[in-house]
Amino acid sequence: MGFLDKEFTQDNIVVTNLEALLNWARLSSIWQTTFGIACCAIEMMATSASHYDFDRFGVIPRPSPRQADVIIISGTVTFKMATRIKRIYEQMPEPKFVISMGSCSNCGGPYWEHGYHVLKGVDRVIPVDVYVPGCPPRPEALLEGLLKLQEKIRNESMIKSA
Amino acid sequence: MKSFEEILELLKSNFSGENDISSSKEGTEDIINVSPSLIKEVSKFLASTEGLEFDSLILLSGVDDENGEKVKQEDESNDITGGTLSVYYHIESVKLVHKLILKVSVERENPVTTSVSSVWGCANWHEREAFDMIGIIFNEHPDLKRILMPYDWEGGYPLRKDYRNPEFYNGMKVPY
């Protein structure tokens, strides 16, 4: 990392390495699939709105999974929906990330025992990068989850395994 | 506006079978029990007879009466054999401002009754839900398929009292 702290040798020239530049570019414009499931989606929308302003981190909802970088699983994942989520996830281009938002998609939440219709954690169908706890998580918690994801991307490397 | 007793008398005089129409009291509510073979005709009668004019089906719900023989399984849960499943119809005449509750009971092993969706259109989805959750089969229903659970769900009817989760659905583990 480090971008502006590198030495300025000439005006308008910044020295960095390619990896840091690429990672910086990617983590600064994480587009999310426009996708919400349950009550967590309301908090997610609040996070997108002006007060919490997801856009300041470069997150904008993209109406096609084919042009998105992250999918936020914001709510109760039923078996019926799990099939669809897997399909949406498969449509996203690499590199792609998943934020599991709230207890339901983390582990089944209040439906863990008697929810005959609920998948007990979305990580049973797609790999999850960041789990955000809460029921529902406040917008601040989701923002923190995003920062965690940015941290993960920042430390990624094209040549050495993470 | 007609009282419960008046409606009951009207039904009894028009549907004369031995045990076809009877009344009972559940909690504070008076209920008219109708046999499964008659429910459609009774509904038509209630909806179209002058002075009754039940033009609205408020709700239709399937119930597992849990009155069969319970057999304890190894995991402490019960299997139920025999007994009944029921359908409750809450109907109202918006025009004449009176309400009525109908009840149809069917055998658990052969839960077949007749659809009333030709009388009250909104019964269509309600009956699909009763079919989906409890497993009651409505003959003459235009499109009787699951409404909430996935179409290819084979794990049974989730709101039956002796329901047990399947291990897997389409490769996804079901229990926690």
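This report walks through the contact between two chains, the cysteines, and some backbone features of a predicted model.

Because the model is predicted, local features need pLDDT of at least 70 and side-chain atom pairs count only at pLDDT 80 or more, while totals for chains, interfaces and linings use all residues. Residues are numbered from 1 along each chain as its sequence is written, chains are lettered from A and ligands numbered from 1 in the order in which they are written, and side-chain values use heavy atoms, with hydrogens and water left out.

**Where the chains meet**

Let's start with the interface. Chain A brings 13 residues to the contact and chain B brings 16 residues, where contact means heavy atoms within 4.5 Å. Together the two chains bury about 1,200 Å², with 66% of it on carbon and sulfur atoms; buried area is the accessible area (1.4 Å probe) that two parts lose on being put together, summed over both. A:F79, A:K80 and A:Y116 supply 55% of the area that chain A buries against chain B, more than any other three residues.

What about polar links? There are 4 residue pairs in polar contact between chain A and chain B, both residues at pLDDT 80 or more. A polar contact is a pair of N or O atoms within 3.5 Å; within protein, one must be able to donate a hydrogen and the other to accept it, and residues adjacent in sequence count only if both atoms are side-chain atoms. Helix α3 (residues 79-91) of chain A gives the most to the side of chain A that touches chain B, with 4 residues; helices (H or I, at least four residues) and strands (E, at least two) are DSSP runs, numbered from the N terminus.

**Cysteines**

The structure holds 0 disulfides over all chains, a disulfide being a pair of cysteine sulfur atoms within 2.5 Å. Why is A:C39 without a bond to A:C40? Their sulfurs are 5.7 Å apart, so they are too far for a bond, and A:C40 holds the closest cysteine sulfur. For A:C135, the nearest cysteine sulfur is that of A:C104, 5.8 Å away.

**Backbone features**

Most residues other than glycine have a negative phi, and most peptide bonds are trans. Here are the exceptions to look at in your viewer.

| Feature | Value | Place |
|---|---|---|
| A:E94 to A:P95, cis | omega about -5° | A:P95: loop between α3 and β4 (97-101) of chain A |
| A:C135 to A:P136, cis | omega near -15° | A:P136: loop between β5 (130-132) and α5 (139-154) of chain A |
| B:E66, positive phi | phi near 55° | loop between β3 (56-64) and β4 (69-72) of chain B |
| B:N170, positive phi | phi near 45° | loop between β10 (168-169) and β11 (172-173) of chain B |
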